[in-house]
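Take a minute to turn this one around on your screen before reading on. We'll go through it piece by piece, at an easy pace.

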Amino acid sequence: MTDTVSQTSTPQKRKLLDTLELDTRLLGMIGAFILVCIAFNVLTDGRFLTPRNIFNLTIQTVSVAIMATGMVFIIVTRHIDLSVGSLLATCSAIMAMTQTVVLPDWLGLGLGHWAIAPGAIIVGLIAGCLIGGFQGWLVGYLGIPAFIVTLGGLLVWRNVAWYLTNGQTIGPLDDSFVIFGGIGGTLGETWSWIFGIVALAFALFSQWQGRRSKITHDFPVKPLWAEALLAAIYAVAILGFIWLLNSYDIPENRLERMFEARGAVMPEGYTEGYGLPISVLLLIGIAIVMTLVARRTRLGRYIFATGGNPDAAELSGINTRLLTVKVFAIMGALCAVAGLVASARLSFHSNDIGTLDELRVIAAAVIGGTALSGGIGTIYGAILGALIMQSLQSGMAMVGVDAPFQNIVVGSVLVLAVLIDIIYRKRTGAK
């Protein structure tokens with residue numbers, strides 16, 4: 001009797017997944033994330049799933065997640081970048097020195113001037129793009145393996161950052177720069193709800209457009225109940241996330257200082273939530289842009305074609321050497337953005353910023369389903385992988401696990417993720 005039930009329930013589950021057109025790998029990652037959260041919530045007596053910890057978890061994930069979106073393109077083209085943590089440190093040092101030394105000494109601009117933050121960010125982005133492009137040129141045009149080039153970069157750029165700052169901590173950073181770090185810059189409750197509603201409307205519009213396009217081209221479409229179920233999932237996920245972030249209240253003493261800065265007195269019993277961090281908003285924007293590049297542009301098609309079969313791509317006329325330069329330049333620019341977020345979250349540049357981020361970024365991409373053999377990977381998978389990695393580290397820290405054992409777990413999870421990926425592709429016949 002038990003065998004009969006299990007044999008009939010499995011096809012029914014598969015039929016449901018096929019009807020909803022859900023990615024089974026994505027569902028597996030979401031399931032793993034939920035299990036991790038539940039386990040740590042039990043071990044921490046309910047402290048892991050509080051609004052405060054979820055808020056902190058999101059802003060801690062951003063810098064690694066931003067770089068993980070670029071690492072997808074790197075790995076898809078059958079390369080690797082071990083220098084991302086060191087390049088983040090160099091870009092962070094350049095931006096910190098630009099706003100505390102270069103612009104004040106050369107142009108007489110002090111902290112608080114409107115041009116300080118934009119100037120520092122632009123300089124950091126240019127530096128990251130040039131360094132990444134240079135590493136890509138070494139790989140693409142000189143034929144040096146990416147592993148060797150970026151392993152050298154790991155050592156070179158970490159110490160370049162040290163020399164740029166003479167080994168000193170640089171700060172404080174400009175207030176307009178610090179807002180990109182998370183807790184120092186949020187949308188507030190009202191604008192967070194507005195953003196959530198707009199994001200939900202965009203998701204539902206995209207869903208409707210996709211269905212309309214399939215009907216126009218005579219492709220099969222999901223039944224209406226499946227569309228309604230997906231719409232409900234979108235609504236719960238987006239608005240629930242906004243509700244959680246808005247539930248984390250700003251401390252009373254900070255609220256009082258905010259009212260004093262406006263020349264007002266805080267009403268008795270007044271409370272206000274932080275809302276959506278600007279750094280998370282930045283990550284969402286980057287995720288959308290990178291997804292559009294991957295799916296809707298010639299560059300994205302060339303990246304996945306080259307990763308799938310480099311020889312065939314080159315014979316079809318794709319300039320794989322220049323493509324390698326472009327992919328590494330994108331990775332460098334994203335390292336600069338991650339450096340902006342990481343240093344802004346600390347409100348200063350430190351010499352150990354970005355340490356071991358190369359491990360976390362590669363692990364996030366691989367856990368998110370990016371195949372080390374090339375040709376396969378998703379942006380949303382890498383971001384979810386980064387969230388899983390950060391959840392593991394934050395949860396272990398809250399439980400009291402020491403740092404060395406945390407790294408042991410992270411390394412083990414990376415190996416396990418690759419093993420699961422290999423088994424999955426063998427069973428499904430995917431390459």
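What follows is a walk through two helix contacts, a cavity and one asparagine. Keep in mind as you look that this is a predicted model.

Let's start with α5 and α6. Helix α5 covers residues 116–140 and helix α6 covers 146–164. Their axes come within 9 Å and cross at roughly 145 degrees, and the crossing of α5 past α6 is right-handed. If you want to see who is touching whom, pick out I131, Q135, L138 and V139 on the α5 side; on the α6 side, they meet A146, V149, T150, G153 and W157. Sorted by class, that contact comes out as six nonpolar and three polar residues, with no charged ones.

Now jump along the chain to α11, residues 278–296, and its partner α16. Here too the axes come within 9 Å, with a crossing angle of roughly 145 degrees. From α11, the contact takes in L283, A287, M290, T291 and R295, while α16 brings I379, Y380 and I383. Six of the residues in this contact are nonpolar, one is polar and one is charged.

Stay with α16, since it turns up again at the cavity. How many cavities of 30 Å³ or more does a search of the whole structure find? Just one, and its volume is about 30 Å³. To find the spot, highlight Q60, T61, V64, R360, A386, M389, Q390 and Q393, which line the cavity. Two helices each supply at least two of the lining residues: α3, which runs over 51–76, and α16, which runs over 379–399. The largest share belongs to α16, with four residues. As for the character of the wall, three of the lining residues are nonpolar, four are polar and one is charged.

One last stop: N246, in helix α9, which spans residues 224–246. Is this asparagine buried or exposed? N246 counts as buried because its relative accessible area is 7%, and the cut-off for buried is under 20%. So what does N246 touch, once its neighbours within four places in sequence are left aside? One set of contacts is G188, E189, S192 and W193, and N246 also reaches G273 and G275. Try showing those side by side with N246 to see how the asparagine is surrounded by residues from elsewhere in the sequence.

Definitions and conventions:
Residues numbered from 1 in each chain as written. Predicted model: local features only at pLDDT ≥ 70, side-chain atom pairs only at ≥ 80, totals over all residues. Heavy atoms only, no water. 1 Å grid on protein atoms, 1.4 Å probe; cavity = no way out; pocket = protein on both sides within 12 Å on 5 of 7 lines; lining within 4 Å. Points joined across faces, edges and corners; volume = space filled by probe spheres on them. Nonpolar A, V, L, I, M, F, W, Y, C, P; charged D, E, K, R; others polar. Buried < 20%, exposed > 50% of the residue type's maximum accessible area, 1.4 Å probe, protein only. Contact = heavy atoms within 4.5 Å. Axes fitted to C-alpha atoms, helices over the stretch in contact; angles between N-to-C directions. Left-handed = near helix turned anticlockwise from the far one by under 90°.
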